[in-house]
Amino acid sequence: MKRLALHNRKAWVEQAPVPRAQGENVVVRLEATPICGSDKKHFLNPEQTIRYSGHEGTGVVVETDRSNLVKVGDRVLTNCLSGCGICEHCRSGNYVYCENKLPMDQMASHFCQYTVLQDFLCIPLPEDISFDMGTLAGCVLAPAFQTLQKMQVGPSDLVMVLGCGPVGLGAVAIAKHYNAQVIAVEISPYRKNLAKELGADMVADGGGEDLEQRILEMTRGRRPNKVIDTSGTASLQQFGIKMAAVRGHFGFVGHNAGEIAVVPNQIIFKGLTIYGSWHVNLNDIPTKLYDIIRRSPAAAKIITHVYSLDQAQEAFDTFIGGNSGKILFHPWAEGEVRA
């Protein structure tokens, strides 16, 4: 089968053995698999070639061993990471917080034609949702959904989304689905325009010294009572905490392994509630996330580019350049025989 390798700004196709089902692990023939922001570091890695990148997608189960959750022929959404399957986090659907999950470098790639993963991470994909649209229930909508759900976003809210990469664009689409007013903050002209297409009521350029003033002019002095950071940028995270309204809510979604300076009194004297969210609860996918995908007129616009695996270099160059929303791979070229 075809599988991508990534190293030092290069991406190419290699041949690899087709994985086999074993125990609870099942084999899925992938039909659509997206590039995630977390794949960026693998593409840029100058030290080693990465062959385990890509961690989500949609496809069809083609082989099982001892699974009693899925069967051959099932259309499924494949979820990222892994879990032990028996701890309180896994059993409640919050498997991403499992303390016994495999390290990322021991997991199978999704930038390939077939992948292998635990059966409980395969969520049934209804026939009325295409393979491409189904991928949105992964790392496009899932991280922001978890935060916006905790915030109980609704029509009376002003939601500020910091950063309009694919996850931020997902946050815009979800907030508009819940009829909130949305202001998006982004630097990329392409993504600012895309945020408008998705329904953002106001879009502010994230550069410059006077961002706070410009936003308050747009909102006629109203501060956002719900702020979600998907940028992972320290300066924007600090800005969001400062910008949030009294008794507002702030959500960390964008990954930042560094530190930010936080003044506790900014949180205390405003009565600010702060959240951290990684991924969606598995139980919310078949009902709430699929409902957004079906009903949101904006959701389909998040996917802006589709490439074959043979076009991997072009796909990653486009992704790194920032002139895209969500980018998908279709692992099977026209005429290739699927098992």
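In this predicted model, strand β1 (residues 2–7) and strand β2 (residues 10–15) run antiparallel and are joined by six bridges. Within this pair, Ala5 stands opposite Trp12 of β2. The two strands form a hairpin, with two residues between them. Asn8 belongs to the turn. Its place is in the loop between β1 and β2. The phi angle of Asn8 is near 50°, a positive value in a residue other than glycine. Asn8 is partly exposed, because its relative accessible area is 41%, and partly exposed residues fall between the limits of 20% and 50%.

A positive phi also occurs at Arg247. There the angle is near 60°, again in a residue other than glycine. Arg247 sits in the loop between α8 and β12 (249–252). Its relative accessibility is 68%, so Arg247 counts as exposed; the cut-off for that class is over 50%.

Strand β8 (residues 158–162) presents another setting. Five of its five residues are buried, so β8 is largely enclosed by the rest of the structure. In a regular strand, side chains alternate between the two faces of the sheet. In β8, Leu158, Met160 and Leu162 point one way. Val159 and Val161 point the other way. The residues on both sides are all buried. β8 pairs with β9 in the parallel sense, over five bridges. One residue of this pairing is Leu162, whose bridge partner in β9 is Val185.

Two threonines were examined next. Thr115 is found in strand β6 (residues 114–118). Thr115 has a relative accessible area of 0%, and is therefore buried; buried means under 20%. A polar atom of the Thr115 side chain lies 2.8 Å from the backbone oxygen of Ser109. Ser109 also appears among the residues in contact with Thr115, once neighbours within four places in sequence are left aside. The other contacts of Thr115 are Pro19, Val26, Val27, Val28, Leu30, Ala108 and His110.

Thr147 is placed in helix α4 (residues 142–150). Thr147 is buried, because its relative accessible area is 0%. Residues up to four places away in sequence are again not counted. On that basis, Thr147 touches Ile228, Gly251, Val253 and Ser277.

Helix α10 (residues 285–295) contains Arg294. Arg294 has a relative accessible area of 42%, so this residue is partly exposed. Its contacts, not counting residues up to four places away in sequence, are with Pro126, Asp128 and Ile129. What separates Arg294 from Ile320 in sequence and in space? The two are 26 residues apart in sequence. From C-alpha to C-alpha, they are 29 Å apart in space.

Ala234 and Asn256 give a second pair of this kind. They are 22 residues apart along the chain, and their C-alpha atoms are separated by 7.2 Å. Ala234 lies in helix α8. At 26% relative accessibility, Ala234 counts as partly exposed. Asn256 is also one of its contacts when neighbours within four places in sequence are left aside. Glu259 and Ile260 are the others.

The final feature is open space. Rolling a probe the size of a water molecule over the atoms shows where empty space is left. The largest pocket has a volume of about 1300 Å³. How many residues line the largest pocket, and which lie nearest its centre? The lining has 47 residues. Nearest the centre lie Gly37, Ser38, Thr230, Ser231 and His255. Several elements each supply at least two residues of the lining, among them the helices α1 (40–44) and α5 (166–177). Strand β9 (181–186), which pairs with β8, does so as well. Helix α8 (234–243), which holds Ala234, and helix α11 (312–321) also supply at least two residues each. By class, the lining has 22 polar, 19 nonpolar and six charged residues.

Methods:
Residues numbered from 1 in each chain as written. Predicted model: local features only at pLDDT ≥ 70, side-chain atom pairs only at ≥ 80, totals over all residues. Heavy atoms only, no water. Helix = DSSP H or I, 4+ residues; strand = E, 2+ residues; numbered from the N terminus. Buried < 20%, exposed > 50% of the residue type's maximum accessible area, 1.4 Å probe, protein only. Polar contact = N/O pair within 3.5 Å; in protein donor to acceptor, adjacent residues only side chain to side chain. Contact = heavy atoms within 4.5 Å. 1 Å grid on protein atoms, 1.4 Å probe; cavity = no way out; pocket = protein on both sides within 12 Å on 5 of 7 lines; lining within 4 Å. Points joined across faces, edges and corners; volume = space filled by probe spheres on them. Nonpolar A, V, L, I, M, F, W, Y, C, P; charged D, E, K, R; others polar. Pairing = 2+ DSSP bridges.
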